[in-house]
Amino acid sequence: AVCSMGNSTTRLYSVLAKTLSSGAVSQHQDCLEQLDSAQLDPIDPKDLLEECQIVLQKRPPRFQRNFVNLKKNTASNHRPIRVMQWNIFAQALGEGKDNFVQCPMEALKWEERKCLILEEILAYKPDILCLQEVDHYFDTFEPLLSRLGYQCTFFPKPWSPCLDVEHNNGPDGCAMFFLKERFELVNSANIRLTAMKLKTNQVAIAQTLKCHETGRLFCIAVTHLKARTGWERFRSAQGCDLLQNLKNITQGAKIPLIVCGDFNAEPTEEVYREFSNSSLNLNSAYKLLSPDGQSEPPYTTWKIRPSGECRHTLDYIWYSQHALNVNSALGLLTEEQIGPNRLPSFNYPSDHLSLVCDFSFNQDPDRLL
């Protein structure tokens, strides 16, 4: 079978202009997986951003968010590693399952919402991008981000709730993207999380990368734990399973680790304490934005459903505090910016805020790998 991907000499092969239907996705998925992105012309990020802004010209401008400098006089001659964590909100759930009573359906149109997502990614230029609730991987994110120089990995949920929605675009899952010019893939593991020795519907991706500039190895992981109140013990069991997998992959913390995820858990939950107290010596990067460096942000998601208003801290970037420094972190949106109708909105494409951190390796020579 021959896959028609459009004229590769054009800046974009109509990905922004038209999203493949769910039928087209299933029909072309194998072909898309086999397509060598090196055969396609690279995209200039400025061109893609310009395309997005043309589509979004009738929408309000992007929110202004500033990076907070957290560096503690640690000299480094190397560029920091920018990591972005984001639950982008599955399109099928927005159209068919989640009911955000203050968000007009017009704001959730994929043709425009995908441009808001891409605009956010292009604005912060992450070296590594970790996403949850990705249900347009094959028709949007993989074709575009691979042409921006990213190596792309996707691991869908076995029983994605998106599949229950009519005219869905396939299952949602976790996705990871890293810039090939900065890193080399050493090892990759797709992990289906277990709880009480039973396989669950939640997944993780863990990749060991080698930094070209420093020669250092590190592991980056992305996950999305079980949602909803009443499932706290289940999330705790999933967290224990993930930590055990990561201990094996990092050889018991010999390899520095960064874990991004929507944990669906407040800092008061057991799974949060498990990560805080793990032998992997992890800290939560966004705690460093608090005055004492000990408190998580007041929220990373804020939405209004028929049952009421929900404001929670559920998203985290964990890191090996003995081996990595957090140079800076992107400030969160203020309540005034979010507005009374909360998220998502015409301004912002997801019900979760993106988290972005700049990391550098600890310069202690005894910790070099």
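## Helices, a pocket and selected residues in a predicted model

Because 13 of its 15 residues are buried, helix 4 is largely enclosed by the rest of the structure. The model discussed here is a predicted one. Helix 4 runs over residues 110-124, and its length can be checked: at 1.5 Å a residue the 15 residues should span 21 Å, which agrees with the 21 Å between the C-alpha atoms at its ends. Just after helix 4 comes Lys125, which takes a positive phi of about 50 degrees.

Helix 5, formed by residues 137-147, is mostly covered, with 11 of its 11 residues buried. Charged side chains are found in this buried set as well as aromatic ones, since the set includes Asp139, Glu142 and Arg147 alongside Tyr137, Phe138 and Phe141. After helix 5 comes Gly149, whose phi is positive and near 100 degrees.

### The chain as a whole

The secondary structure of the protein chain comes to eight helices and 15 strands. Of its 369 residues, 56% count as buried. Where contacts join residues at least 6 apart in sequence, 79% of them link residues that are at least 24 apart. One pair that is separated in sequence is Ile54 and Cys115, which lie 61 residues apart along the chain and have C-alpha atoms 9.4 Å apart in space. Ile54 belongs to helix 2, residues 45-55, and is partly exposed, with a relative accessible area of 46%.

### The largest pocket and the cavity

The largest pocket has a volume of about 850 Å³. It is lined by 35 residues, of which Lys226, Ala227, Arg228, Asn264 and Arg305 are the closest to its centre. Two or more lining residues come from each of strand 7, helix 6 (232-249), strand 11 (301-305) and strand 12 (308-312), and strand 7 gives the most, with four residues. By class, the pocket lining holds nine nonpolar, 11 polar and 15 charged residues.

How many cavities of 30 Å³ or more does the model contain? The count comes to one. The largest cavity holds about 60 Å³ of space, and its lining consists of Arg62, Phe63, Arg65, Leu116, Glu119, Glu120, Leu333, Asn347, Tyr348 and Pro349. By class, this lining has five nonpolar, one polar and four charged residues.

### Two buried strand residues

Thr200 lies in strand 7, which covers residues 198-211, and counts as buried because its relative accessibility is 4%, under the 20% cut-off. The side chain of Thr200 makes a polar contact of 3.0 Å with the side chain of Gln238. Leaving aside neighbours within four places in sequence, Thr200 is in contact with Pro158, Trp159, Arg192, Leu193, Thr194, Ala195, Phe234 and Gln238.

Lys303 is placed in strand 11 and, although lysine is a charged residue by class, it is buried, with a relative accessible area of 8%. Which side chains make polar contacts with the side chain of Lys303? One is that of Thr301, at 3.4 Å, and another is that of Asp351, at 2.8 Å. Not counting residues up to four places away in sequence, Lys303 touches Phe100, Gly308, Glu309, Cys310, Arg342, Leu343, Asp351 and His352.

### Backbone details in loops

Leu343, one of the residues touched by Lys303, is joined to Pro344 by a cis peptide bond with omega of about -10 degrees. Pro344 is found in the loop between helix 8 (335-338) and strand 15 (355-361).

Two asparagines have a positive phi although neither is a glycine, and the table sets out their values.

| Residue | Phi | Loop | Relative accessibility |
|---|---|---|---|
| Asn264 | about 50 degrees | between strand 9 (257-262) and helix 7 (270-276) | 13%, buried |
| Asn281 | about 60 degrees | between helix 7 and strand 10 (282-284) | 31%, partly exposed |

Asn264 is buried or partly exposed according to its relative accessibility, so which of the two is it? At 13%, Asn264 counts as buried, and this residue is also among those closest to the centre of the largest pocket. Asn281, by contrast, counts as partly exposed at 31%.

Definitions and conventions:
Residues numbered from 1 in each chain as written. Predicted model: local features only at pLDDT ≥ 70, side-chain atom pairs only at ≥ 80, totals over all residues. Heavy atoms only, no water. Buried < 20%, exposed > 50% of the residue type's maximum accessible area, 1.4 Å probe, protein only. Polar contact = N/O pair within 3.5 Å; in protein donor to acceptor, adjacent residues only side chain to side chain. Contact = heavy atoms within 4.5 Å. Expected span 1.5 Å × (residues − 1). 1 Å grid on protein atoms, 1.4 Å probe; cavity = no way out; pocket = protein on both sides within 12 Å on 5 of 7 lines; lining within 4 Å. Points joined across faces, edges and corners; volume = space filled by probe spheres on them.
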